[in-house]
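Let's walk through a protein model together, one question at a time. Keep the picture in view and try each question before you read on.

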Amino acid sequence: MLIAHKIALNPNNVQATYLAKAAGTARFAYNWALAEWTRQYEAWKANPTQPKPSQLSLRRQLNAIKHKQFPWMLEVTKCAPQMAIIQLGQAFKNFFAGRARYPKFRKKGVHDRFTITNDQFSVDGSRIRIPNLGWVRMREPLRFTGTIMSATVSRVADRWFVAIAVDTQDNSYLPKAENQGVVGVDLGIKAMATLSTGEVFAGPKAHKALLGRLKRLSRSLSRKQKGSANRRKARTKLARMNARVANIRADFTHKLTTDLTRRFHTVVIEDLNVRGMVKNRHLARSIADMSFFEFRRQLEYKAAMRGSQVIVADRFFASSKTCSVCAHKLDDMPLSVRWWTCPVCGTLHDRDINAAVNLKNLAVSSTVSACGETGFGLGRKVQVKPASTKQEVSFVPV
Ligand SMILES: [Zn+2]
């Protein structure tokens, strides 16, 4: 299993300059290759005897010209431009498979990063050796044992991090899940997450308070003159605040997914159509606050490490509209309704808890019917699909 550990770096000024230069070289190579790819692809379409672009051919072409045209590239690790073009190849692969949009040019200051392959660096306790640079201090030693695969150095606001990917032989880093059975998790607007046990996770409060400051900082930045020192300072302040908000979100998601996978052997969630929900402006903030994809990704890899499972209910499963006691289904359920009484059995429901219980019942009834007995909970054939097992996981959103 491939897992990554993201560690803060403590570079000195000279080292920080090198890291920025290497990230700049990676960005330049990526953008150069993207422009070349587009141009060569058009040329190939017009005349199929021309070669079709690929990451391999573009890497060779860059290697052939970099000594003459871009001699400054040689000042940093050769991995920076090479890996950037390999990543572009991956971006095109995702695009051609319909998983992603056409690759975009990388912008300076937006997720600055570069990747080094395992033959080009070494780790010794709390330090990492980077080519042409030497040893850089890390805030903590690498947590995992196994074969080190690659390292990606990236900048968040004005701090540098390294994410070291390790291929571990076993995935028993976490103790097995406590046997507290099945839990349904409803993700919503009023509360970030409601469990079928009745527990409610409201979401990070500090975050809401920071949003006002975030707005003020971005207004302050827009008032500063372009190219001025004050603008640069304001930009750093804003970037730091953005990083802080992102950290608070990530912390909440990690704690929630750890708690769920630690306690329950089966976690049932809904397959949220996030793109559709973000269009609804009432939902947009809360969904963006806890990225559903990130929530699901963490849940899946943590469950895999603890030997528990994640079940994702069908997108059209009516978790909110169905009575969790008698399975009566309402025609309509406006978002504003927080409490409702079932017209058939008379049970008073909290909207979110009812939805979570329905999700839980989905797993219970599907396991029962799998054993050849009559399902209970919901009086209909349930559609469940096991969550895909992800190969690649990381402990911190990169
Ligand atoms: Zn009912």
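Q: Is Asp112 buried or exposed?
A: To decide, look at the relative accessible area: under 20% is buried, over 50% is exposed, and in between is partly exposed, using a 1.4 Å probe and protein chains only. Asp112 has a relative accessible area of 4%. That makes Asp112 buried.

Q: What kind of model is this, and how are its residues numbered?
A: This is a predicted model, where local features need pLDDT of at least 70, side-chain atom pairs count only at pLDDT 80 or more, and totals for chains, interfaces and linings use all residues. Side-chain values use heavy atoms, leaving out hydrogens and water, and residues are numbered from 1 along each chain as its sequence is written.

Q: Which residue of helix H1 forms a salt bridge with Asp112?
A: A salt bridge needs a side-chain nitrogen of Lys or Arg within 4 Å of a carboxyl oxygen of Asp or Glu. Here the closest N and O atoms are 3.1 Å apart, and the two residues are 85 residues apart in the chain. Asp112 is in the loop between H3 and strand E2 (113-117), while its partner is in helix H1 (residues 13-46); helices (H or I, at least four residues) and strands (E, at least two) are DSSP runs, numbered from the N terminus. The partner is buried, at 16% relative accessible area, and its name is Arg27.

Q: How far apart are the closest N and O atoms of Arg155 and Asp112?
A: This salt bridge links distant parts of the chain, with Arg155 in strand E6 (residues 147-156) and Asp112 in the loop between H3 and E2, 43 residues apart. Arg155 is partly exposed, at 28% relative accessibility. The closest N and O atoms are apart by 2.7 Å.

Q: Why does the salt bridge of Asp271 and Arg296 tie together separate parts of the sequence?
A: The two side chains meet at 3.8 Å, N to O. Asp271 lies in the loop between strand E11 (266-270) and helix H6 (274-279), and Arg296 in helix H8 (residues 292-306), so the parts are separated in sequence by 25 residues.

Q: How many aromatic pairs does a search of the whole structure find?
A: Rings of Phe, Tyr and Trp (its six-membered ring) pair if their centres lie within 6.5 Å; planes under 30 degrees apart are stacked, over 60 edge-to-face, and the rest tilted. With that rule, the number of aromatic pairs found is ten.

Q: Are the rings of Phe92 and Phe96 stacked or edge-to-face?
A: Their centres are 6.0 Å apart, with 25 degrees between the planes. Phe92 and Phe96 are four residues apart in helix H3 (residues 79-96), so about one helical turn separates them. The pair is stacked.

Q: Which residue has its charged end over the ring of Trp44?
A: A charge sits over a ring if NZ of Lys or CZ of Arg is within 6 Å of the ring centre and within 35 degrees of the ring normal. Trp44 belongs to an aromatic cluster whose members include Phe92 and Phe96. The charged end sits 4.6 Å from the centre of the Trp44 ring, and it belongs to Lys52.
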